[in-house]
Amino acid sequence: MRRIWHEILIGVLVLLEAVSSPLLVSGAPGIVGSVLTLLLGVGLLLRHRFWPWLLPLVLLVNVAAGAITVMVVATYAYATRSPSRLRTLLVSLLAAASGALPFLLMMQTAVAVSGMIIMVLIVASAAAMGMYASTRRQLLAELRERAEQAESGRAAAQEQARRAERTRIAREMHDIVAHKISLVALQAGALEVNPGMPREQVGESAGLIRQTATLALSELREVLGVLRNEDEGPLLTPQPTWEDVRTLVTESQGAGISVELFDFIDDPVPDQLARTAYRVVQEGLTNIHKHARHTRARVALIGEPGTDLVIEVSNVLPKGFTTDLPGARMGLSGIETRVSHAGGTITSGPTDDGRFEVKAVIPWPTTP
């Protein structure tokens with residue numbers, strides 16, 4: 001709508017100048033100037049599409065017409081579109097020449113000089129305003145682009161953070177549920193392979209299965225609650241402590257796994273370090289439940305403040321044992337990420353003495 005009003009205003013000004021041309025210059029020259037002014041005004045309507053060559057041509061023809069409106073509009077329009085300041089200067093000189101030429105033909109020197117100075121000032125003002133409008137348009141475009149990039153970057157960062165949080169929660173689900181379900185599978189398997197087990201032992205095993213399954217469902221419900229409500233904090237409660245690390249071994253022993261605990265920790269373990277150690281031991285025992293439940297295993301915990309906390313979970317390599325328990329293939333990857341974030345290192349694989357070992361070394365900062 002604004003562009004339409006601009007075209008109407010330019011048309012009216014050109015028309016007024018064309019009508020006034022025969023009044024100022026009598027005879028045929030005035031009529032010719034009027035016709036040229038109208039034709040140049042029509043040419044200005046096409047300036048938006050063909051401006052690189054049309055506007056200089058309009059100014060060149062305007063030397064014969066001497067239309068001030070055409071000169072100002074063409075100079076301003078070229079200055080707002082041209083990326084080259086040199087070409088804008090050359091076109092401005094052409095416009096100044098088209099406006100000053102009629103005054104050069106005058107016999108009165110004072111009037112001619114005054115007229116040329118006025119024309120040059122008018123052209124300079126039009127060119128300066130056009131370059132200012134061009135610079136302002138470019139600046140606004142850059143600011144708009146930066147704002148769009150910032151918004152896009154913010155959205156990408158939020159999406160990345162959301163994915164990272166969901167990955168962390170998925171890893172938490174694996175750590176929590178896989179261990180408990182593996183215990184349930186072990187306990188159920190013991191009932192299956194011992195059909196002649198005394199009634200008391202059967203009841204005890206069934207109660208242990210129920211208790212373990214209930215705990216697994218409770219912890220899974222907490223994780224799913226976090227997924228359903230993203231506005232709340234992602235921390236899962238209650239968080240494991242150092243005592244829970246020892247409980248992991250006790251639970252595995254209760255499920256029939258031959259695992260020994262070598263605990264050489266006498267100092268209080270910070271909660272964050274305890275949580276990392278808990279996940280390492282939990283994943284190691286879960287893999288033993290799945291792949292080496294009939295072998296002997298051990299868990300060793302060594303360290304003190306100011307040194308490193310060393311966690312070793314190992315078992316004798318089984319021979320010919322297979323399992324039907326599914327694996328997510330993300331457990332070791334998850335604890336590697338946890339240990340790395342804690343500034344430690346972790347290794348896993350067979351050892352020279354015929355065992356499979358998961359060993360994590362995590363810095364244990366001195367309590368301030």
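1. A starting point in this predicted model is Ala100, which is buried, its relative accessible area being 9%. Ala100 has its place in helix α5, which covers residues 85–104. Once residues up to four places away in sequence are set aside, Ala100 touches Met116 and Met119. A further residue to look at beside Ala100 is Val113, which is 13 residues away in sequence and 9.0 Å away in space, C-alpha to C-alpha.

2. For the chain as a whole, the model shows ten helices and five strands. Of the 368 residues in the chain, 36% are buried. The area that the chain exposes comes to about 21,800 Å², and carbon and sulfur atoms supply 62% of that area. As for how the chain meets itself, 69% of the contacts between residues at least 6 apart in sequence join residues that are at least 24 apart.

3. Helix α4 is a suitable element to take up next. It runs over residues 68–81, which makes 14 residues, and it reaches 20 Å from its first C-alpha to its last, close to the 20 Å expected at 1.5 Å a residue. This helix is mostly covered, since ten of its 14 residues are buried. Among these buried residues are Thr69, Val70, Met71, Val73 and Ala74, and the list also includes Thr75, Tyr78 and Thr80.

4. Which residues does Thr75 touch, if those up to four places away in sequence are not counted? They are Leu59, Ser92, Ala95, Val123, Ala126 and Ala127. Thr75 itself lies in helix α4, and with a relative accessible area of 2% it counts as buried, because the limit for that term is under 20%. The side chain of Thr75 also has a polar atom that lies 2.7 Å from the backbone oxygen of Met71, and Met71 is itself one of the buried residues of α4.

5. A second backbone oxygen in α4 deserves a note, namely that of Thr80, which lies 3.0 Å from a polar atom of the side chain of Arg137. Arg137 is found in helix α6, which covers residues 109–193. The two residues are 57 apart in sequence, yet their C-alpha atoms are 8.8 Å apart in space. Is the arginine of this pair buried, exposed or partly exposed? Arg137 counts as partly exposed, at 48% relative accessibility, whereas Thr80 is among the buried residues of α4.

6. Helix α9 covers residues 271–291, has 21 residues, and spans 30 Å between its first and last C-alpha, close to the 30 Å expected at 1.5 Å a residue. Because 16 of the 21 residues of α9 are buried, this helix is largely enclosed by the rest of the structure.

7. One partner of α9 is helix α8, residues 242–254, which packs against it at an angle of about 10 degrees, with the two axes 8 Å apart. That angle makes α8 roughly parallel to α9. On the side of α8, the contact is made by Trp242, Asp244, Val245, Leu248, Val249 and Ser252, and on the side of α9 by Ala274, Ala277, Tyr278, Val281, Gln282, Leu285 and His289.

8. Val281 and Leu285 appear again when strand β3 is examined, since both are in contact with Val313. The place of Val313 is in β3, residues 308–316, and this valine is buried, with a relative accessible area of 2%. Leaving aside neighbours within four places in sequence, the contacts of Val313 also include Val280, Gly284, Ile288, Arg298, Val299, Phe356, Glu357 and Val358. Val280 and Val313 are 33 residues apart in sequence, and 8.3 Å separates them in space, C-alpha to C-alpha.

9. Arg298, one of the residues that Val313 contacts, lies in strand β2, which covers residues 296–302. At 28% relative accessibility, Arg298 counts as partly exposed, whereas Val313 is buried. Residues up to four places away being left out of the count, Arg298 touches Val259, Glu260, Phe262, Glu312, Val313, Ser314 and Arg355. Of the pair Arg298 and Glu312, it can be added that they are 14 residues apart in sequence and 7.9 Å apart in space, C-alpha to C-alpha.

How values were computed:
Residues numbered from 1 in each chain as written. Predicted model: local features only at pLDDT ≥ 70, side-chain atom pairs only at ≥ 80, totals over all residues. Heavy atoms only, no water. Helix = DSSP H or I, 4+ residues; strand = E, 2+ residues; numbered from the N terminus. Buried < 20%, exposed > 50% of the residue type's maximum accessible area, 1.4 Å probe, protein only. Contact = heavy atoms within 4.5 Å. Areas by Shrake-Rupley, 256 points an atom, 1.4 Å probe, with all protein chains shown as cover. Expected span 1.5 Å × (residues − 1). Polar contact = N/O pair within 3.5 Å; in protein donor to acceptor, adjacent residues only side chain to side chain. Axes fitted to C-alpha atoms, helices over the stretch in contact; angles between N-to-C directions. Parallel < 35°, antiparallel > 145°, perpendicular 65-115°, else oblique.
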